[in-house]
Amino acid sequence: VKMSSEVLVSRPRYDSRVLAPETEPRPHPDAPQPSAGSATVGYRSAKYTPAEWFSNYHSILQQAGAQRVAARSIQRESRALNRDSEADTLQSQAEGTRQLGERLQDIHLLRSELQQKIQQLQADTHALMALRKRLEKALDATEIPYAITTDDLSCRARRPAADLVRDSVEEELVKEVDLIRSVQALLRTTAAQVVDQIRLNREAQQTLELDWSDKQQAYSLDQHGGRYSNTSLDTQHHPSSASTQDPPSPCRLCDRTSWAEFTQANLSKAQQERQTTQSLRALAEQILQDTTEDLRVQCSRVEQAFSQRCLELTEAKIQLEMKLTQILEQIGEQERNIVALEEAIHHKEAPLRVAQSRLHLRSLRPNMELCRDQAQLSLEAEVRQIGATVASLQQQLREARDSLCHLEESRITLEKDIHCKTHSLFIERDKCMAKRRRYPSVSVLSGY
């Protein structure tokens with residue numbers, strides 16, 4: 001039996017360098033005294049007694065037995081600990097793998113929801129961009145009605161003074177100008193809101209994309225870690241990996257609740273922006289529809305007012321032309337009447353001369369022959385009658401000539417008014433109404 005290290009160590013050891021000056025070592029107190037004689041010198045100095053020899057190896061045996069018993073106990077405990085630790089390790093590893101699997105499912109669900117929201121936001125943003133283009137096209141399309149309406153007002157301002165009235169056409173044109181300005185302001189405001197919403201959607205999309213990218217990276221890392229096994233060749237010792245996360249640092253790590261709340265907050269923000277986008281799209285569509293209908297209705301009212309005004313001008317022109325024809329006929333008749341009156345007056349000069357000559361000759365009768373007989377009375381009556389007739393004819397001639405002057409004035413007035421109505425009708429029908437044929441259609445005003 002080998003002696004234990006404790007027994008070997010318990011024996012005294014001597015340094016030869018220390019004992020070098022001495023001639024011989026010190027004798028043990030219980031050692032046998034050397035016998036006399038020089039032949040035994042050197043053989044009795046380091047010897048033990050039999051009792052010591054027996055005591056020494058018995059102690060070695062006892063110590064070896066105790067060490068053997070202790071070793072067996074340690075071996076039993078080691079086997080039990082090995083079994084328990086192996087089971088615990090396998091269970092802990094299985095639990096870690098299961099937790100990683102559940103974590104992968106959680107990340108996958110949120111990642112899928114984030115991806116869906118990102119796609120929805122992209123679709124909403126593209127729809128808003130198309131809607132913004134429609135609003136811009138609709139705003140550009142209102143420039144044509146505005147130019148037409150203002151040009152109509154400018155053209156109608158050049159009407160002759162007699163027709164320069166604030167009629168229903170002008171009132172409707174002014175209403176149309178105000179309506180177009182209101183529509184333009186509303187379209188600009190709506191377009192600005194759409195641009196702002198596009199910016200908010202892109203910010204929300206960027207937030208979701210960053211969150212999705214983080215989850216994609218975390219999913220890849222956890223998936224790679226979940227594939228590790230005890231036989232994997234790419235595993236390494238990282239003693240500090242657990243110490244950096246325990247206890248958790250508030251600047252780096254978060255708990256599961258904060259993690260879920262962060263993503264849910266991003267999703268809620270995105271959903272809120274989507275709802276705002278849908279409301280804004282519905283509002284913009286309604287605005288485009290309403291403004292288009294309002295512009296087309298007002299355009300119809302203006303065209304109806306123009307048609308009514310052209311009809312009134314045409315009827316007035318026809319009546320004036322008919323009246324001018326009558327006036328011209330009346331002027332001709334009056335001129336002929338004046339000629340007849342002048343001839344009648346001229347024809348009364350001869351009978352008047354005859355009657356006056358007869359009276360003159362009779363005034364030359366002598367003495368008592370100068371009497372007022374029946375012939376004298378008849379001649380005087382004839383002269384008075386012819387004078388009265390001539391006076392009446394002359395009065396009638398003066399009235400006829402005055403009437404002819406008035407007829408000529410009426411003719412001039414009618415001709416001027418007819419020319420005025422013709423010019424106004426040209427402005428209303430050939431200028432204004434012709435331009436309004438270029439009024440944008442419903443699809444153009446709607447931004448298509």
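## A briefing on a helical chain and its salt bridges

Glutamate 428 and arginine 156 form a salt bridge, with their closest N and O atoms 2.7 Å apart. This pair brings together distant parts of the chain: glutamate 428 sits in helix 8 (residues 374-435) and arginine 156 in helix 3, 272 residues apart. Please keep in mind as you look around that the model is predicted. Welcome to the structure; here is a short tour, starting with the whole chain and ending at the charged residues around arginine 156.

**The chain as a whole**

- The chain has nine helices and zero strands.
- Read from the N terminus, its elements therefore follow the order α-α-α-α-α-α-α-α-α, where each α stands for a helix.
- The chain is 448 residues long, and 26% of them count as buried.
- Its accessible surface comes to about 30,400 Å², and carbon and sulfur atoms account for 54% of that area.
- Among contacts in the chain with a separation of 6 or more, 89% are between residues 24 or more positions apart.

**Salt bridges of arginine 156**

- A search of the whole structure finds 31 salt bridges, and the one between glutamate 428 and arginine 156 has already been introduced above.
- Arginine 156 also meets aspartate 167 in a salt bridge, at 2.6 Å from N to O.
- Here too the partners come from distant parts of the chain: arginine 156 belongs to helix 3 (143-156), while aspartate 167 lies in the loop between helix 3 and helix 4 (168-226), eleven residues away.

**A second arginine for aspartate 167**

- The side chain of aspartate 167 forms a salt bridge with arginine 159 as well, with an N to O distance of 3.6 Å.
- Both aspartate 167 and arginine 159 are buried.

**How covered are these residues?**

- Arginine 156 has a relative accessible area of 2%, and because buried means under 20%, arginine 156 counts as buried.
- Glutamate 428, its partner from helix 8, is buried with a relative accessible area of 0%.
- For aspartate 167 the relative accessible area is 11%, so this residue is buried by the under 20% cut-off.

**The wider network**

- Which residues are linked in a network of salt bridges? They are Arg156, Arg159, Arg166, Asp167, Glu170, Arg309, Glu312 and Glu428.
- The three pairs described above can be found among these residues: glutamate 428 with arginine 156, aspartate 167 with arginine 156, and aspartate 167 with arginine 159.

How values were computed
Residues numbered from 1 in each chain as written. Predicted model: local features only at pLDDT ≥ 70, side-chain atom pairs only at ≥ 80, totals over all residues. Heavy atoms only, no water. Salt bridge = Lys/Arg side-chain N within 4 Å of Asp/Glu carboxyl O. Helix = DSSP H or I, 4+ residues; strand = E, 2+ residues; numbered from the N terminus. Buried < 20%, exposed > 50% of the residue type's maximum accessible area, 1.4 Å probe, protein only. Contact = heavy atoms within 4.5 Å. Areas by Shrake-Rupley, 256 points an atom, 1.4 Å probe, with all protein chains shown as cover.
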